[in-house]
Amino acid sequence: MKYTITGYLKEKKPILTYGSKGFQKGEIWVEIDGTQYPQTLSFALIRGSLTVADKVEVGSHISIDFEITGRIWQDRCYNELVVLDLSVINDEAPSESAPSEEDIDRLYEEINSGSNANVPF
């Protein structure tokens, strides 16, 4: 099953080679979006996904398609998040600026003047 998550690329680990058959595996760390407290997850790069993070800079806002794999070995259960695809999210859209002091004062006066009498609570 494929899942998608967004976040910021925090770190890229080097690709390591294991065993006589030359199995290669890389790892990236991503601080995910939409959580109250920072949550950093480790994602594995294997097979066709080994190079998807090569051209992505640390700190980039990214979207990751991944699958969850698991196995039991020596009476322990291991889980892994394996990257299927990775893309950079374009954050260049104009963002709203913070309200000015005048806007905040006006809103405060509006709220305290009773003009919101039809609020249901």
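The side chains of K13 and E11 meet in a salt bridge, with 2.8 Å from N to O; the term denotes a side-chain nitrogen of Lys or Arg within 4 Å of a carboxyl oxygen of Asp or Glu. K13 is partly exposed at a relative accessible area of 28%, and E11 is likewise assigned to the partly exposed class, at 30%. In this classification buried means under 20% relative accessible area, exposed means over 50%, and partly exposed covers the range in between (1.4 Å probe, protein chains only). The model is a predicted one, in which local features need pLDDT of at least 70 and side-chain atom pairs count only at pLDDT 80 or more, while totals for chains, interfaces and linings use all residues. Residues are numbered from 1 along each chain as its sequence is written, and side-chain values use heavy atoms, with hydrogens and water left out.

Four salt bridges are found in a search of the whole structure. Side chains of opposite charge can pair when their charged atoms come close. One of the four joins E80 to K25, the closest N and O atoms being 2.4 Å apart. Because E80 belongs to strand β5 (residues 76-88) and K25 to strand β2 (residues 23-32), this pair ties together parts that are 55 residues apart in sequence. E80 is buried, at a relative accessible area of 17%, whereas K25 is partly exposed, at 25%. A further salt bridge links D65 with K2, with 3.8 Å between the closest N and O atoms. D65 is in strand β4 (residues 61-73) and K2 is in the segment before β1 (3-18), so this pair connects parts 63 residues apart in sequence. The two partners fall into separate accessibility classes: D65 counts as buried at 18% relative accessibility, and K2 counts as exposed at 55%.

The secondary structure consists of one helix and five strands, arranged from the N terminus on as β-β-β-β-β-α. Helices (H or I, at least four residues) and strands (E, at least two) are DSSP runs, numbered from the N terminus. Of the 121 residues in the protein, 22% are buried. Among contacts between residues at least 6 apart in sequence, 49% join residues at least 24 apart, a contact being defined by heavy atoms within 4.5 Å. The accessible surface amounts to about 9,500 Å², and carbon and sulfur atoms account for 52% of that surface. Accessible areas were obtained by the Shrake-Rupley method with a 1.4 Å probe; for residues, only the protein chains shown count as cover.

A44 is located in strand β3 (residues 40-46) and counts as buried, with 4% relative accessibility. When residues up to four places away in sequence are not counted, A44 touches K25, G26, S49, E80, L81, V82 and V83. Both partners of the E80 and K25 salt bridge are thus among the residues touched by A44. The C-alpha atoms of A44 and F66 are separated by 9.2 Å, at 22 residues apart along the chain. In strand β1, Y8 is partly exposed, at a relative accessible area of 35%. Y8 and I62 are 54 residues apart in sequence, with a C-alpha to C-alpha distance of 5.9 Å.

Two surface patches are described here. Patches are made of residues with over 30% relative accessible area and no salt bridge, like charges being joined within 9 Å and nonpolar side chains (Val, Leu, Ile, Met, Phe, Trp, Tyr) within 5 Å. E101, E102, D105 and E109 gather in a patch of negative charge. For charge, Lys and Arg count as positive and Asp and Glu as negative, with His and the chain ends not counted; the charge is placed at NZ of Lys, CZ of Arg, CG of Asp or CD of Glu. D105 is part of helix α1 (residues 101-112) and is partly exposed, at 47% relative accessible area. The nonpolar patch is formed by M1, Y3 and I68, which together have about 350 Å² of accessible area. M1 lies in the segment before β1 and is exposed, at 75%.

Positive phi values occur in the loop between β4 and β5, which holds Q74 and D75. Phi of Q74 is near 50°, in a residue other than glycine, and D75, also not a glycine, has a phi of about 60°. Q74 is exposed at a relative accessible area of 62%, and D75 is exposed at 78%.
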